[in-house]
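Work through the exercises below with the sequence and the model side by side, and try each task before reading its solution.

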Amino acid sequence: MAFCNKEINDNPNPHYPNNVTVVGFHILNSYYVPRMSYKATLSLLSTQGKFVPNFKCDTQNKLITTIGGLTTDVSLSIATIISIYKMPQLTYGVFSPEHGDKRLFPHLSQMVPNENSQYAGVVRLFRHFKWTWIGLTAMDDDDGDRFLGAILPLLTENGICFAFTIRFPKITYLQEAIDLLAEQRETFTVHNRTKANVYFVHAVPAFVFVLRLLLFLAPVLSLPQLHKVWILTCQWDFASFSFEKNWDIESFHGAISFTVHSNQPPGFQEFLQGISLAWAKGDGFIQNFWEQAFCCSLKDSAVHGDSNRTCTGNEKLESIPMILFETSMMGHSYNIYNAVHAVAHAIHGMSMSGSKHRRLAKELSVQPWQIHHFLRSIMFNNSAGDPLSFHENGEMKTGFDVINWVTFNNGSFARVKVGRWNPWAPAGKALALRDDHIAWHKTFMQGCPVSICNENCFPGCVRKKKEGEKFCCYDCDPCPEGMISDQMDMDACINCPQDQYSNKHQNQCVHKDVSFLSFTESLGITLTLLAVFFSLITAVVLRIFLKHRDTPIVKANNRNLTYVLLFSLLLCFLCSLLFIGQPQKVTCLLRQTMFGIIFSVALSSVLAKTITVVLAFIATKPGSRMRKWVGKRLANSIVLVCSFVQAGLCSLWLSTSPPFQDTDMHSLPGKIILECNEGSAIMFYSVLGYLGFLAIFSFIVAFLARKLPDSFNEAKFITFSMLVFCSVWFCFVPVYLSSKGKSMVVVEIFSILASTLGLLGCIFSPKCYIIVLRPELNNREHMIRVKN
């Protein structure tokens, strides 16, 4: 205050009018008590030296503006009275936004952004270091209530929890502090052991004193040192009484505070070096300060200092420990410096705005209410080069410096600027930090402290809330199959895109492999070879029957039906090849329909052969009327009718809901299945059901005719072949429905090959045995054998 006053008065600035100066200042102490703040404010409005409120007879000491206070309560106490006179008020400390109603205090301006903008910066700091489990400490008063009311919603919105809140009552005497600490002995131990390594302190001056006192008394009561990371609001400072200068400040090593942005105006250090006892003649504050700071007494002092040593006057301010006095202009001091210059610029603006105001300025008859408009509209750079201007809501457009406190064994400390919080900056650029410049307390040997309720959930897991705990305390559950979490501490797993799947660690999506039964893979090659091999065997059997077509065993039971059956079995083996390879439009249309029609021809041929055997035996009986039904016409009709029914079903299928190419991305993890969608499940099972009907009917007829007295009675072999056929396809349905991907195709191919091979082996292997190996049995005498 004195430096800025001297700077303006003794060094005329071209920005100020020559005849307008800040004449002087008057400082009163509020003691951080509203009652004393009211009294001090009324004293400013009285004649100096006489407490007569609202009455001033000293025209030389004209009150133009008030600057103060440090806390919201003090500022409100001042504003309540000052606002009556429409006098501008500049607060150099933070101000609660809840009390910033411009309708109540329209003449109040703030040199610091409101408290909420500072809290937003602290929360951003927590998120930067991933601190989610913190402790909150504040005074047990209205100021502390406002602090908790403002910070708690911000913490919750940003995913941060508080482990506990510590509320300290105001302590007046040392004994009260000892009693409080003794009562909270167990709580103190619990807080020391908590996982919360970060304490956010609402560092109003009264709380700072209580906190330092409790930390000082802890060793006296044999309690462990509370080594935590202290995060402190901008009211914090080592403003110490003289008896505190020997208190250990090691606990605050590594603390981080948000302080009002400051700079060093030129000439300030020289000004401090020029301070001497000569100032004490008209300034009792300097005298009191000198005696307490240097532990000496002035010769003419009515009250002796803390020592019998007499002050010499040669004492130097730089010799005072930093815990008592800093020679640098820090946050709040810098605000006061800027506030005085802002008032000077406002007066200058008045003097230059018009002749009327200029005349008023010359006559020193400036009224306080006239300054307000010019004060809000100022815009200039101070001597330190910082731009100064007010926002429309009355807040100075400035930010906060992030300070790291480094303490030393000799009781001194250093403020290290490690970053900046600018609430006016664009989103994402408000906080700038240099992590590598931060010195943490020596207890955190691993580097940056960790303050979380439990270990983080790594990618592949998600957080699961613990019952009865805050949301920051959770268990880590692995993601279910097919889902991933690719970031730390995710609340829910996410699905991979359809063409991707989760890896084994459930933390990344990888592309799925395309899956289909290929001709080049071992299973495809095996099935292809089997189909070709069995078809060649069928062709050989057909060749044998064609070669021996005139022998009795071939001519028996309709030779043409035998050829049709063998040829259809040959096609049955080959149609299985349609199911191998990448599904195409043509193969999807043909595979099931060709299979259904060819198998219906084979089964209808077997049915015709069975019915022929039965009718032939009945027709041999004397007087039988069935002779007219025995012949090629009946057998051909059975084959044609049964085959045309199946062909009609397949035509209806293709015309209404034909099979088509499809991809199945969900049945098998990590696979994209290329398949033929049957289009209509009803038609598919209708085709299979019709084949089942033909097989069962053939089995029944053959079973009934199995004991007919004929050496070459095929009914026995047809019974076995139908038994094999029905067994294969009855097993096929449940296995097919429970299979996925290429397994479904393999099951159907296997069923086709097995059932076809059953027909071929059971019906034709006995005949081939006689034709090739026992030709002597292939004669008419053995054709008919009557049972005795």
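**Exercise 1. Two residues with an unusual backbone angle**

Decide whether Gln506 counts as buried or exposed, and then treat Lys130 in the same way.

Solution. Because its relative accessibility is 12%, Gln506 counts as buried, where buried means under 20% relative accessible area, exposed means over 50% and partly exposed lies in between, with a 1.4 Å probe and protein chains only. Gln506 sits in the loop between strand S18 (500-502) and strand S19 (509-511), and its phi is near 60°, a positive value in a residue other than glycine. Lys130, by contrast, is exposed, with a relative accessible area of 62%. Lys130 is found in the loop between H4 and strand S4 (133-139), and it too is not a glycine yet has a positive phi, of about 60°. These angles deserve a second look because most residues other than glycine have a negative phi, and most peptide bonds are trans.

Before going on, note that this is a predicted model, in which local features need pLDDT of at least 70 and side-chain atom pairs count only at pLDDT 80 or more, while totals for chains, interfaces and linings use all residues. Residues are numbered from 1 along each chain as its sequence is written, and side-chain values use heavy atoms, with hydrogens and water left out.

**Exercise 2. The chain as a whole**

State how many helices and strands the chain has, and what share of its residues is buried.

Solution. The chain has 21 helices and 22 strands, which are DSSP runs (helices H or I, at least four residues; strands E, at least two) numbered from the N terminus. Of the 788 residues in the chain, 49% are buried. Turning to contacts (heavy atoms within 4.5 Å), those between residues at least 6 apart in sequence join residues at least 24 apart in 67% of cases.

**Exercise 3. A cis peptide bond and the helix that follows**

Find which two residues are joined by a cis peptide bond, and then list which residues of helix H3 are buried.

Solution. The cis bond joins Gly68 and Gly69, with omega about 0°, and Gly69 is placed in the loop between S1 and H3. Helix H3 (residues 72-82) is itself mostly covered, since nine of its 11 residues are buried. Those buried residues are Thr72, Val74, Ser75, Leu76, Ser77, Ile78, Ala79, Ile81 and Ile82, and they pack against several elements, including helix H2 (34-44), strand S1 (66-67), H4 and H5.

**Exercise 4. Surroundings of a histidine**

Work out where His441 is placed, and which residues outside its sequence neighbourhood it contacts.

Solution. His441 belongs to the loop between strand S13 (431-433) and strand S14 (461-465), and because its relative accessibility is 2% it counts as buried. Leaving aside neighbours within four places in sequence, His441 is in contact with His227, Glu250, Ser251, His253 and Gly254. His441 and Val229 are 212 residues apart in sequence, but their C-alpha atoms are 7.4 Å apart in space.

**Exercise 5. Three helix pairs**

Determine how H4 is oriented against H5, H11 against H13, and H14 against H21.

Solution. Axes here are lines fitted to C-alpha atoms, for helices over the stretch in contact, and angles run from 0 to 180 degrees between N-to-C directions. Angles under 35 degrees count as roughly parallel, over 145 as roughly antiparallel, 65 to 115 as roughly perpendicular and the rest as oblique.

1. Helix H4 (residues 115-129) and helix H5 (residues 142-157) pack at about 40°, with axes 10 Å apart, which means that H4 is oblique to H5. Their contact has nine nonpolar, one polar and no charged residues, where Ala, Val, Leu, Ile, Met, Phe, Trp, Tyr, Cys and Pro count as nonpolar, Asp, Glu, Lys and Arg as charged, and the others, Gly among them, as polar.
2. The axes of helix H11 (residues 331-353) and helix H13 (residues 368-376) come within 8 Å and cross at roughly 105°, so H11 is roughly perpendicular to H13. The contact residues include Ala346 and Met350 of H11 and Phe374 of H13.
3. The axes of helix H14 (residues 522-547) and helix H21 (residues 742-773) come within 10 Å and cross at roughly 25°, and the two are therefore roughly parallel to each other. Their contact divides into 18 nonpolar, one polar and one charged residue.
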